[in-house]
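Biologist: Could you walk me through a few features of this model? I would like to learn how to read them.

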Amino acid sequence: MNRRPLLSFTVCWVAGSALGCLFSGRSLLICLAGLLLLPVIWAVSGGIRWRTATVLVTALIVAALYWEHSEVRNVSLLPEVLGQPVSELNEAYITAAGVIASPVERDGDRVDFVVKLSSVRLHQQGEQSAAAGAVGSDPEGERVTVQIKLQEESEIAEAALWQRGDRVVIEGELIQPQIARNFGGFDYRAYLLTQKIHWLLKGTGTASVTVNPQVSWEPSTILRWNDKARSVLGAEMSRLFQEPHAGYMKGLVIGIQKELDPETFRQFSQLGLTHILAISGMHVAVYVGVILVLLRRCRLTRETALTVTLLLVPVYVLLSGAGPSVIRAGIMSMIALLAARLGLLKDGLNILAASALMMLVWNPYLLLSVSFQLSFLVTAGLMVYTPLAAPLFRRLPGWLGSSLSVTIIAQLVSFPLTIYYFNQFSLLSVAANLLLVPFITFLVLPLGTLALLLGRVWNAASLLTAQLAEFLNNITFAAVEWVNGFTAGVLIWASPSFLWICLYYGLLYGLLHALKRRTEAMLVPQFMDDETRPLAELERPEPPGNHINTTNQPDFPSTANSRRATLAFQAYPPTGATRWSNSAAILCAVGLTILLYKGYKAEAIRDGFGSISYLDIGQGDSSLITTPGGAHILVDGGGTVSFGNREEWRIRRSPFEVGAKTLLPLLKQRGIHRLDAVILTHGDQDHAGGLQAVLEGMPVSALLFNGTLADTQPYTKLMTTALDAGVRLYPVQQGMSLEPDDATRLNFLWPEPRADGQTLPEEVEDQNHESVVFRLEMNGRSFLFTGDMDQAAEEAILHSASQSGIKQGRPIDALKVAHHGSKTATSADWLAFWNPGAAVISAGVNNLYGHPNGSVLERLADANTEIYRTDQQGEIQLRVGKEGISLRHKLTPIPVPH
């Protein structure tokens, strides 16, 4: 700490900022006081000077206060400016004027950009439009995200003229960003908050936007020029390369990732190779190295070459998109180049600390950026852990040992954050990075850059270079796809706790440090190379501190011989140090193994409890059942419903799909490694669509369905995927049952048995009537799942029960209301038969169907049934034990005894 005061200061600054982020009020003061004791205790014990302790305490306090100051200022001014509460402003129609403050990006029929507001006006009820000059209230430069949905293909050309710096007047609907509606789900509102954005402004067509191009020079003009340059470079890439190579090369060379093929990104992500597609330290290092070599070849002096390169680094940072990772690498490169130019002592950790401190002072919310965290953590890890790991690869050739140590350390250091944010890790990631990163860095990247540079100078050569790069890309894509074919190597992890992450890094450091000490001890020479061998009598001296019996030993013949004996004596590895290293290495390895096991099996400990999660996936259905024995059963998967065939120009590169964007990430985030069963109640898209992503992204043992087929392409694809993946298919019918463990049983009540002799599934258009209905018995409690069953199916079940002499079903604890609360089901007789204590309705917020229907809500109320709705309360979770049921829901997460 005394040798690296800047590093110590930055670590304390990060800690203070983290405390400000995690806590507030009295909790912040208590935690901050506890943390402030550490440098004081350290100073009292003599570990650091009091002056250093004072600086560290100051860093902690100032960082926490700075974060709190930023939080106080990071609020929306629109409610105050417009004189309306937030609830009233949501979905209000306004006219806003301001300046475009970001690149303008189009994806299909939607155009996105950020506007820095100068004035805003709220439309009165019944008012249709406002004149461009009618806005007057000043929101002090608040930023909003604008989304314009294009109405005609001809509007694409008009929107393409919009640029950063243009003054705009926009008429549209003010929308509050969506919060996380499931436990552990993505919180879009919190994400925008880190960018100091509080509202979305949605307009319809280019007619809702009035644009006045920038006419005078302003500081933002530099960014406007940069946007144009990136657009020109992207267009040149599109001219030189065919798809999907064009999108891939844009991301690799100039950091434009919006056009990257989603499937390519998924393949790279699964292998932990996405850092290649983001401009980072690797790209900056190659860029700086090439410039220095070229300038030296031009016979420039060392000082001049360093100065010119220093000035060119910001240009590359801007052209590559200025993401957190490339800004970090750019700042570090500039500091290192300046230090080399001035002949100052360079220290990598101090340079890294200076970069982090500068960025956090500029924008403290960068601390929450995944890119920022990974970039700095991996860089720091390489600096700290690589020297510890290097001796372990001493027997390998230098280049191979260096590559292996760097690759393995990078994977080990990034592992906790990878599983925290992405919830999966490939065991083949190390091999893929070791082989593909040098291949892409030293072959594909230079070829892509060369093709881009030659594009306007020598077209034939640039096209030939592009073709060679495409050939190498095909090799890369084939290798990535082949490696990803070994699905057993992909492990799913629950997001670990902060304590788990800290323990992981501590144990990893202890293990590598102990192994390094052991290796160094084993490498100590038996005698000095520049000395003669010691006397035979002194060949095995006693350890230091022990009495050496020299009785009957001849006197040392000379001072030189005495020195030789002393040197030989000191050169022997201390046996105690070796034993200590072995013991420490074993303890750390065992601790790390236990930690990894506990992290991987986080969901395995059930304590006799089961759970039911009614997920909020919009206008659709999906429920997750986890039994006391640890079996996971997914009932339906939701799905995004599309109406008719969309025009090609409207199709987005990565449209929202509930299975890939909501359901599968939730399952992984909860550490579910395999689904023991998926129950598809029927083939409608709002129940079956999301299961496609689940089958592609997670092992599934069995798929239970209603025994019919739906005549739709998505349903056919789903069943084909299941067969190709080796999933066992079971058509269920009335009278069947399933027992995942001793405490759980599923009794299937519908569909009715098929006619004798009918073995092949038949195609059924009305899938709702054929919905799978089952009663779940778990820990002595009962739950009814009904899919989209209609009233005719209800009557058939009740008739069948009546024929069996059952006039009243055993009361159930919770009813999953059929068909999202539609009036086509949940009759009074159905409720009277089951007498449910609670009812859960899965429906989308402000859905177009008016679900749930008012008459259904009235019948539930008349039956004294407690009502829970995903459109109002988000995900609804039941924790089922033998003693009772506890309930919580995401939007008001206070457990309520049931």
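Modeller: We will take a helix, a single residue, a sheet and the cysteines in turn, keeping in mind that this is a predicted model.

Biologist: Happy to start with the helix. What span does helix α15 reach from its first C-alpha to its last?

Modeller: Helix α15 covers residues 348-362, 15 residues in total, and reaches 21 Å. That is close to the 21 Å expected at 1.5 Å a residue.

Biologist: And what caps the N-terminal end of α15?

Modeller: Asp347 does, with a side-chain oxygen 3.3 Å from the backbone nitrogen of Leu349.

Biologist: How should I think about the direction in which residues of a helix point?

Modeller: In general, an α-helix has 3.6 residues a turn, so residues three or four places apart point the same way. For α15, burial is worth a look: eleven of the 15 residues are buried, so the helix is largely enclosed by the rest of the structure. Among the buried ones are Leu349, Ile351, Leu352, Met359 and Leu360.

Biologist: What covers those buried residues of α15?

Modeller: The cover includes α1 (5-22), α3 (50-73), α14 (324-342) and α16.

Biologist: Let's pick a residue in α16, then. Is Thr386 buried or exposed?

Modeller: First its place: Thr386 sits in helix α16, residues 370-389. Buried means under 20% relative accessible area, and Thr386 has 15%, so it counts as buried. Leaving aside neighbours within four places in sequence, Thr386 is in contact with Gly381, Ser405, Val406 and Ile409.

Biologist: Now the sheet. How do strands pair?

Modeller: Strands of a sheet pair through backbone hydrogen bonds, either parallel or antiparallel. Here, seven strands make an open sheet with mixed pairing, in the order β17-β18-β20-β21-β22-β23-β24.

Biologist: Which strands stand at the edges?

Modeller: Those are β17 (737-741) and β24 (866-869); each has a single partner strand, so one side of each is left without a neighbour in the sheet. From one strand to the next, the twist averages 20°.

Biologist: Could you show me one pairing inside that sheet?

Modeller: Try β22 (residues 814-816) and β23 (residues 838-841), which run parallel and are joined by three bridges. Within this pair, Leu815 stands opposite Ala839 in β23.

Biologist: Last, the cysteines. How many disulfides does a search of the whole structure find?

Modeller: Zero. As for accessibility, Cys21 is partly exposed at 30%, while Cys298 is exposed at 54%.

Conventions. Residues are numbered from 1 along each chain as its sequence is written. This is a predicted model: local features need pLDDT of at least 70, side-chain atom pairs count only at pLDDT 80 or more; totals for chains, interfaces and linings use all residues. Side-chain values use heavy atoms; hydrogens and water are left out. Helices (H or I, at least four residues) and strands (E, at least two) are DSSP runs, numbered from the N terminus. Buried means under 20% relative accessible area, exposed over 50%, partly exposed in between (1.4 Å probe, protein chains only). Contact means heavy atoms within 4.5 Å. A disulfide is a pair of cysteine sulfur atoms within 2.5 Å. Two strands pair if DSSP finds at least two bridges between them. Axes are lines fitted to C-alpha atoms, for helices over the stretch in contact, and angles run from 0 to 180 degrees between N-to-C directions. The expected span of a helix is 1.5 Å times one less than its number of residues. A polar contact is a pair of N or O atoms within 3.5 Å; within protein, one must be able to donate a hydrogen and the other to accept it, and residues adjacent in sequence count only if both atoms are side-chain atoms.
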